[in-house]
Amino acid sequence: MYDLMIIGGGPAGLTAAIYASRAHLNTVIFEPEMDGGQMSLTMSLENFPGALPEDTGMDIGMRMAKQAASFGAATIRERVVSVESAGETKIVKTESGSYEGKYVLVATGSKPNRLGVPGEDKFVSRGISYCATCDGAFYQDGDVYVIGGGNSAVEEALYIANLGAKVTIVHRRDSFRAERFLAEKALAHENISVMWNTELKEVLGDAMADGLVLYNNKTDETFTVKKGDRPMGIFIYVGVKPQTEFLEGLLELNRGYVKVDENQMSAVDGIYAAGDIVDKNFRQVINACGEGCVAAMAVAKRIVQYD
Ligand code: NAP
């Protein structure tokens, strides 16, 4: 019987694991993929306190996981498929096992959205990527198209442009959603240009992506961009989707997001949520960590029953 079962090993889950295991709670993290979650896909965490330019998101994720393990938190590399609440006992079922505990923290984060245009599925990993940190280097001497106008699109466009690629950001409106500081940096970058009011309609190619069909929604013009002599990369950053499907039926979700109280507890007693899956305004690594901390402390307080 675990004290706290944490689903998801991103910044929210790992911070909760650090606090909980350091408070001597018998703690387990379920994380089938890489420690650090989405944070691991970003090259630099410029706005995370204490992060230095040479620290990648992956480094910080690995360090958080190591820190949690040093206090005794266990990690199970299995994907959770359901959570059940049987009074004071919570049951977490994975693809291959069933685990019981007193409290559950769901910190499963989000995954990149697909655009849903023809050619997208066909050319994933064959010209299309959702991870600049993973694949940007393949296109450092190439022409890269980044689709989207949010923080992720602009930040990752900057990363790829700094590798040396010529980057075109394709955005459906005439201003970025990204924070002004990032937008200004991108607009001033010699390797970055922007196609405003432009939508990606189709990705062309045979074995590899080698062309884009684009539509300018201001001029009503459809045009094609073809690959030249240099490698062509397409990076899609059109928002993210919370990973909460497995909670349907257990929790009431708002567009997939979980409502929580000031202790990060959901409407079901003993089930907490933290990080990108929480229904809130701002999604940053720093508040994901803060929420993981609050949830772990709230659980520790209930287990030890101190005031
Ligand atoms: P986001 O903020 O939701 O931005 C998504 C972008 O994709 C928007 O520009 C949107 O256009 C565009 N888009 C959405 N659907 C589209 C479609 N069907 N066709 C074309 N374009 C489409 O998503 P995100 O950038 O992945 O960020 C997710 C969250 O993480 C945000 O809360 C963000 O602030 C946070 N984040 C923070 C940092 C940081 O602080 N350093 C870094 C990365 C992410 P419109 O603008 O027209 O809606």
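This section describes helix packing, buried helix faces and selected single residues in a predicted model.

Helix α2 spans residues 57-70 and comprises 14 residues, reaching 20 Å from its first C-alpha to its last, which is close to the 20 Å expected at 1.5 Å a residue. Within this helix, the residues G57, I60, G61, M64, A65 and A68 are buried. These residues lie on the same side of α2, because they cover an arc of only 135° around the axis. An α-helix has 3.6 residues a turn, so residues three or four places apart point the same way. On the other side of α2, by contrast, K66 and S70 are exposed. The partners against which the buried residues of α2 pack are α1 (residues 11-22), the strand β2 (residues 27-30) and α6 (residues 285-304). After α2 comes G72, a residue with a positive phi near 110°.

One of the buried residues of helix α2 may be followed individually, namely M64. M64 counts as buried because its relative accessibility is 8%. When residues up to four places away in sequence are not counted, M64 touches P11, L14, I18, M39, F48 and C289. Of these contacts, P11 is separated from M64 by 53 residues in sequence, while the two C-alpha atoms are 7.6 Å apart in space.

Helices α1 and α6, both of which pack against the buried residues of α2, also meet one another, with axes that come within 7 Å and cross at roughly 35°. The crossing of these two helices is right-handed. On the α1 side, the contact involves P11, A12, T15, A16, Y19 and A20, and these residues meet V285, A288, C289, G292, C293, A296 and M297 of α6. By residue class, the contact of α1 with α6 is made up of eleven nonpolar and two polar residues, with no charged residue. P11 of α1 and C289 of α6, which take part in this contact, are also among the residues touched by M64.

A further helix pair is formed by α4 (residues 151-163) and α5 (residues 180-187), which pack at an angle of about 40° with their axes 10 Å apart. In this pair, α4 passes α5 in a left-handed crossing. The contact is made by N151, V154, E155 and L158 from α4, together with L182, A183, K185 and A186 from α5. Five of the residues in the contact of α4 with α5 are nonpolar, one is polar and two are charged.

The buried residues of α5 include L182, A183 and A186, and these three residues also belong to the contact with α4. They are placed on the same side of α5, because the arc that they cover around the axis is only 100°. The face of α5 turned away from this buried side carries R180 and F181, both of which are exposed. The elements that cover the buried residues of α5 include α4 as well as the strands β10 (residues 166-170) and β11 (residues 192-195).

Among the strand residues, G233 is found in β15, which runs over residues 232-236. With a relative accessibility of 0%, G233 counts as buried. Leaving aside neighbours within four places in sequence, G233 is in contact with G127, Y139, D143, V144 and Y145. The separation between G233 and C293 is 60 residues in sequence and 39 Å in space, taken from C-alpha to C-alpha, whereas M64 and P11, at 53 residues apart in sequence, are 7.6 Å apart by the corresponding C-alpha distance.

Two loop residues were also examined for their backbone conformation. N197 has a positive phi of about 50° although it is not a glycine, and this residue is placed in the loop between β11 and β12, the latter strand covering residues 198-205. N197 is buried, with a relative accessible area of 13%. D220 likewise is a residue other than glycine with a positive phi, in this case near 60°, and its position is in the loop between β13 (residues 209-216) and β14 (residues 221-226). D220 is exposed, however, with a relative accessible area of 56%.

Methods: Residues are numbered from 1 along each chain as its sequence is written. This is a predicted model: local features need pLDDT of at least 70, side-chain atom pairs count only at pLDDT 80 or more; totals for chains, interfaces and linings use all residues. Side-chain values use heavy atoms; hydrogens and water are left out. Axes are lines fitted to C-alpha atoms, for helices over the stretch in contact, and angles run from 0 to 180 degrees between N-to-C directions. Helices (H or I, at least four residues) and strands (E, at least two) are DSSP runs, numbered from the N terminus. A crossing is left-handed if the near helix is turned anticlockwise from the far one by less than a right angle, and right-handed if clockwise. Contact means heavy atoms within 4.5 Å. Ala, Val, Leu, Ile, Met, Phe, Trp, Tyr, Cys and Pro count as nonpolar, Asp, Glu, Lys and Arg as charged, and the others, Gly among them, as polar. The expected span of a helix is 1.5 Å times one less than its number of residues. Buried means under 20% relative accessible area, exposed over 50%, partly exposed in between (1.4 Å probe, protein chains only). The arc is that of the directions from the helix axis to the C-beta atoms.
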